[in-house]
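Here are some notes for a first look at this structure. Please keep the display open while going through the points.

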Amino acid sequence: MKEMGVEFVYEKQPQKIPALEEILEKAGVTADEVAYLGDDLPDLTVMRRVGLAASVGDGVPEVKRAAHYTTRAHGGKGAARELIELILKSKGIWEEMIDKARA
């Protein structure tokens, strides 16, 4: 995560909302500006609060139903990349990111 410049990494959080609220405060963004990728029931609380809720392809049915988008890829098999690519393309900056990756 350090190599990719990911600033906020929270693992094994028994309660996800406090972590979300901390990230929102530190990043200075609203929940509507957040994308979240989940796969299991504990993810539902966050998914219901963010602007873009996504499920991995092999997420549980309840998470898939709550998602605005479900990846074709399964968790650990490219789902995060698929969602990131979707976001970057929708913002019109995918090609710019490709150029940065080549540098």
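Where is the place of Ser55? The points below start there. Please note that the model is predicted.

1. **Ser55 and its setting.** Ser55 sits in strand S2. Its relative accessible area is 0%. That is under the 20% cut-off, so Ser55 counts as buried.

2. **What surrounds Ser55.** Set aside the neighbours within four places in sequence. Ser55 is then in contact with Leu37, Gly38, Val63, Lys64, Ala67, Tyr69, Thr70 and Thr71. Leu37 and Gly38 fall in strand S1, given as 35-38. Tyr69 and Thr70 match strand S3, given as 69-70.

3. **Helix H4.** This helix runs over residues 79-90 and has twelve residues. From first C-alpha to last, H4 reaches 17 Å. The expected value is 16 Å, at 1.5 Å a residue, and the two are close.

4. **The buried side of the account for H4.** Which residues of H4 are buried? They are Ala79, Glu82, Leu83 and Leu88. Glu82 deserves a look in the display, as one of the buried residues. The buried residues of H4 pack against three strands, S1 (35-38), S2 (52-55) and S3 (69-70). They also pack against helix H5 (94-102). Strand S2 is thus a link back to point 1, since Ser55 lies in S2.

5. **After H4.** Gly92 follows the helix. Its phi is positive, near 75°.

6. **Tyr10.** Now move to the segment before H1, where Tyr10 lies. Is Tyr10 buried or partly exposed? Its relative accessible area is 30%, so Tyr10 is partly exposed. Leaving aside neighbours within four places in sequence, Tyr10 is in contact with Ala19, Glu22, Ile23 and Lys26. With Glu22 there is also a polar contact between side chains, at 2.8 Å. Val63, one of the contacts of Ser55, is 53 residues from Tyr10 along the chain. The C-alpha atoms of Tyr10 and Val63 are separated by 20 Å.

7. **Lys12.** This residue also lies in the segment before H1. Phi of Lys12 is near 50°. That is a positive value in a residue other than glycine. Lys12 is exposed, because its relative accessible area is 83%.

8. **A nonpolar patch.** Met1, Met4, Val6 and Val9 make a nonpolar surface patch. The patch covers about 380 Å². Met1 is in the segment before helix H1 (16-27).

Key:
Residues are numbered from 1 along each chain as its sequence is written. This is a predicted model: local features need pLDDT of at least 70, side-chain atom pairs count only at pLDDT 80 or more; totals for chains, interfaces and linings use all residues. Side-chain values use heavy atoms; hydrogens and water are left out. Patches are made of residues with over 30% relative accessible area and no salt bridge: like charges are joined within 9 Å, nonpolar side chains (Val, Leu, Ile, Met, Phe, Trp, Tyr) within 5 Å. Accessible areas come from the Shrake-Rupley method with a 1.4 Å probe; for residues, only the protein chains shown count as cover. A salt bridge is a side-chain nitrogen of Lys or Arg within 4 Å of a carboxyl oxygen of Asp or Glu. Helices (H or I, at least four residues) and strands (E, at least two) are DSSP runs, numbered from the N terminus. The expected span of a helix is 1.5 Å times one less than its number of residues. Buried means under 20% relative accessible area, exposed over 50%, partly exposed in between (1.4 Å probe, protein chains only). Contact means heavy atoms within 4.5 Å. A polar contact is a pair of N or O atoms within 3.5 Å; within protein, one must be able to donate a hydrogen and the other to accept it, and residues adjacent in sequence count only if both atoms are side-chain atoms.
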